[in-house]
Protein chains: 2
Amino acid sequence: MRRRATVHDVARAAGVSLATVDRVLNGRPGVRAATAEKVEAAIAQLGFSRDLNASLMARARDLSVVFFIPDGSNEFMDSLAQAVERRSASALADRMHLDMRRVRALDAEALAEGLDGLDPRQCDCAVVVSSDEPKVISAIEAAHRRGIVVMTLVSDLPGSARQRFIGIDNVAAGRTAASLLGRFLPGGGKVAVVAGSLHLRDHAERLEGFEAALGAEFPAISIIGPVEGHDERTETAAIVARLLARHADLAGIYNLGAGNAGLVEALEASGRAGALRVIAHELTASTRAGLRSGAIDVVLDQNPDGEIREAIAAARALALQAGRAAAADAIEIGIFLRDNLR
Amino acid sequence: MRRRATVHDVARAAGVSLATVDRVLNGRPGVRAATAEKVEAAIAQLGFSRDLNASLMARARDLSVVFFIPDGSNEFMDSLAQAVERRSASALADRMHLDMRRVRALDAEALAEGLDGLDPRQCDCAVVVSSDEPKVISAIEAAHRRGIVVMTLVSDLPGSARQRFIGIDNVAAGRTAASLLGRFLPGGGKVAVVAGSLHLRDHAERLEGFEAALGAEFPAISIIGPVEGHDERTETAAIVARLLARHADLAGIYNLGAGNAGLVEALEASGRAGALRVIAHELTASTRAGLRSGAIDVVLDQNPDGEIREAIAAARALALQAGRAAAADAIEIGIFLRDNLR
DNA sequence: ATGTGAATGAGGTACGTGCCTCATGACCTT
DNA sequence: AAGGTCATGAGGCACGTACCTCATTCACAT
């Protein structure tokens, strides 16, 4: 059980002074390429890794992470924001400063502006929740070039310069919903699918997984829809009411988007709540109420607290080794029934 | 956004020297009660909290946590042990040293001996997985008096001096199994319950939740058992085989203990795998295989990685403020189908 | 040969805490 | 009054890193 290597060890091994190691580690100028290589080699050989805590203490500035969370869209985003608030104090104890900015949902312009306004001297890492917009992609690229680590949350932007994505596997979530509904309805039947908007990557992926799994494993179940409710309470309520009215034999509903308050309203108004198997996404006030009343059977959840926890851990890991990939816990899909509500 | 308070601030506010603050903070002798109170008051007023990282750095010794994990019992314990190994490296980066000791399962004597052997100068925190045994309870009491923080993992010992329990709500897990099986079998039917040993608190709690929820919500389902398989592969296989032979109309099985390899064997040997709805506990090689083949429908999991993560976080929090309770994330019950296997 | 600029070394201070030594003063015992 | 004990202050060194200044070395161009 040996001591961890320190900058002193690296300096000794590379045959250079502490100052040179420091220049290499922090990307400061004034080091010949050959010398830098010697230092890199020593670092690799010793398995040196900067002590993040000592580092943050020495520079007397906290690691700063800025979260851009959509505003005014849905309850899930609010619970993400709350999760950030909840972690702020304990993060501060680890020398991390969490900054949260709410930006108008789906307003690519505003988000890009926010990213552009980040000063790398005051912000080490940005976490964004965004749909796939060219303006955002290029703002991420620019931030990355300025030396800011960017991560995507909830919905990924695979083509961008983001270093990491934090969120669930939405295709698996869709498959899971199918697998549960299939088992809930051993006799088969009609199941309606309600989405927010299929232009949203996460919604599209859930649908993909759902249709694939249902088709492969439960051919006795037929799908009605998808119908888009735009994550909106009244619109979703209207859609569900119409579905219930048109299909007296509807056996199940999978709402892969938001707007769950509307879903529950329509179910209860129809008098058929509890008679259909219903699966929805994200634990919020509405879906909790639905689980308790029996209107919703299962809620698939992204676990906002876990996502924020991982985002913070990833920010630390990336601050440590800007380039390399760091191991990370995957975010698991939470499955909630009335019986295991937290 | 103000700076965090430091020992210097506390000393100034209390009108004493740094040395005195240090004596109070670290419980060293040589401080009059009246002076100590002044310091405590200043700490409370400033909301001072020791900077754990600087502290660990200064004393040039890592926070050391010893895990006592049962050996030779079942795959779940192995995956707990693996989770400890997996976290070791990253914990070291945060100045925590994880030490793992496997002790013979259900050997209270050995576990108590291990606890008694812990030297508070070399071990700050012990994490134990244990059934309810007087010898263990008193060893925990003794360790606590020596200044070692003790936490229980997986199975709690409510009467002991343990500072915290880390694990799932097993009653809720049992209810969840019932709720799923109830929905899987809308027509009702016979469901068999297999346990390891009802002397184990976690097994008893799962059974309690299962019976309560099934009785209240799904009266059309009748329970056969519980039968005890002692978490043993061959014994569990024999029991399941007998159940299947005796009840041609068996509609489901809930195995709330271990021994899942035997469960899957018996199911496949009977040719009825896939025809019954089966719920088991803990993601292991056996249950994964069962999920993939379709012999098992759902696995309820404790998430060993999450438990170890929380144990580490709790150890840090408790090192910081020995007395006070620190907020902590609850461990959620993982629910896995073939479709969301990680 | 001399100047120029870049590369590097040497060494300091700081961050917040733990732990050590030594000096001082107060109060008590004999 | 002398000696002892105890509470406290003052200060230093250490941990691992960041960042600063200043001096020195070396290569290259003039």
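**Exercise 1. Find the side chains of chain A and chain B that meet in a salt bridge, and describe the interface around them.**

Step 1. The side chains of A:Arg338 and B:Glu217 meet in a salt bridge, with 3.8 Å from N to O, where a salt bridge is a side-chain nitrogen of Lys or Arg within 4 Å of a carboxyl oxygen of Asp or Glu. The model is predicted, so local features need pLDDT of at least 70 and side-chain atom pairs count only at pLDDT 80 or more, while totals for chains, interfaces and linings use all residues. Residues are numbered from 1 along each chain as its sequence is written, chains are lettered from A and ligands numbered from 1 in the order in which they are written, and side-chain values use heavy atoms, with hydrogens and water left out.

Step 2. Across the interface of chain A and chain B the rule finds six salt bridges, and the count of residue pairs in polar contact between these chains, both at pLDDT 80 or more, is nine. A polar contact is a pair of N or O atoms within 3.5 Å; within protein, one must be able to donate a hydrogen and the other to accept it, and residues adjacent in sequence count only if both atoms are side-chain atoms.

Step 3. On the side of chain A that touches chain B, H8(A) gives the most, with seven residues; helices (H or I, at least four residues) and strands (E, at least two) are DSSP runs, numbered from the N terminus. The residues of that side divide into 14 nonpolar, six polar and 17 charged, where Ala, Val, Leu, Ile, Met, Phe, Trp, Tyr, Cys and Pro count as nonpolar, Asp, Glu, Lys and Arg as charged, and the others, Gly among them, as polar.

Step 4. In contact terms (heavy atoms within 4.5 Å), 37 residues of chain A meet 38 residues of chain B. The two chains bury about 3,300 Å² between them, 49% of it on carbon and sulfur atoms, buried area being the accessible area (1.4 Å probe) that two parts lose on being put together, summed over both. In chain A, the residues that lose the most area to chain B are A:Arg183, A:Glu332 and A:Asp339, together 20% of what that side buries.

**Exercise 2. Work out by what turn and what shift chain A can be laid on chain B.**

Step 1. Two copies of a chain are related by a rotation about an axis and a shift along it.

Step 2. With copies superposed by least squares on the C-alpha atoms of residues with pLDDT of at least 70 in both, a turn of 180° and a shift of 0.1 Å along the axis lay chain A on chain B with an RMSD of 0.2 Å. The two copies are therefore related as by a two-fold rotation axis.

Step 3. A:Phe184 comes closest to this rotation axis among the residues of chain A, at 2.3 Å (C-alpha). The same surface serves both copies, since 100% of the contact residues of chain A recur in chain B.

**Exercise 3. Identify which residues come nearest to DNA strand D, and which elements supply the surface near this strand.**

Step 1. There are 27 residues around DNA strand D, of which A:Arg50, A:Ala58, B:Thr20, B:Arg32 and B:Thr35 come nearest; a residue is near a strand if one of its heavy atoms lies within 4 Å of it. Of the atoms of DNA strand D that come within 4 Å of the protein, sugar and phosphate account for 74%.

Step 2. A polar backbone atom of A:Val7 is 2.7 Å from a phosphate oxygen of DNA strand D, and a polar side-chain atom of A:Asn26 lies 3.4 Å from a phosphate oxygen of this strand. At a base nitrogen of DNA strand D, a backbone N or O atom of A:Ala54 lies 3.4 Å away.

Step 3. At least two residues of this surface are supplied by each of helix H1 (7-14) and helix H4 (52-59) of chain A and helix H2 (18-25) and helix H4 (52-59) of chain B, with the largest share, five residues, coming from H4(A).

**Exercise 4. Find which residues come nearest to DNA strand C.**

Step 1. Of the 27 residues around DNA strand C, the nearest are A:Thr20, A:Arg32, A:Thr35, B:Arg50 and B:Ala58, and sugar and phosphate make up 68% of the atoms of DNA strand C that come within 4 Å of the protein.

Step 2. A backbone N or O atom of B:Asp51 lies 3.1 Å from a phosphate oxygen of DNA strand C, whereas a backbone N or O atom of A:Ala58 lies 3.4 Å from a base oxygen of this strand.
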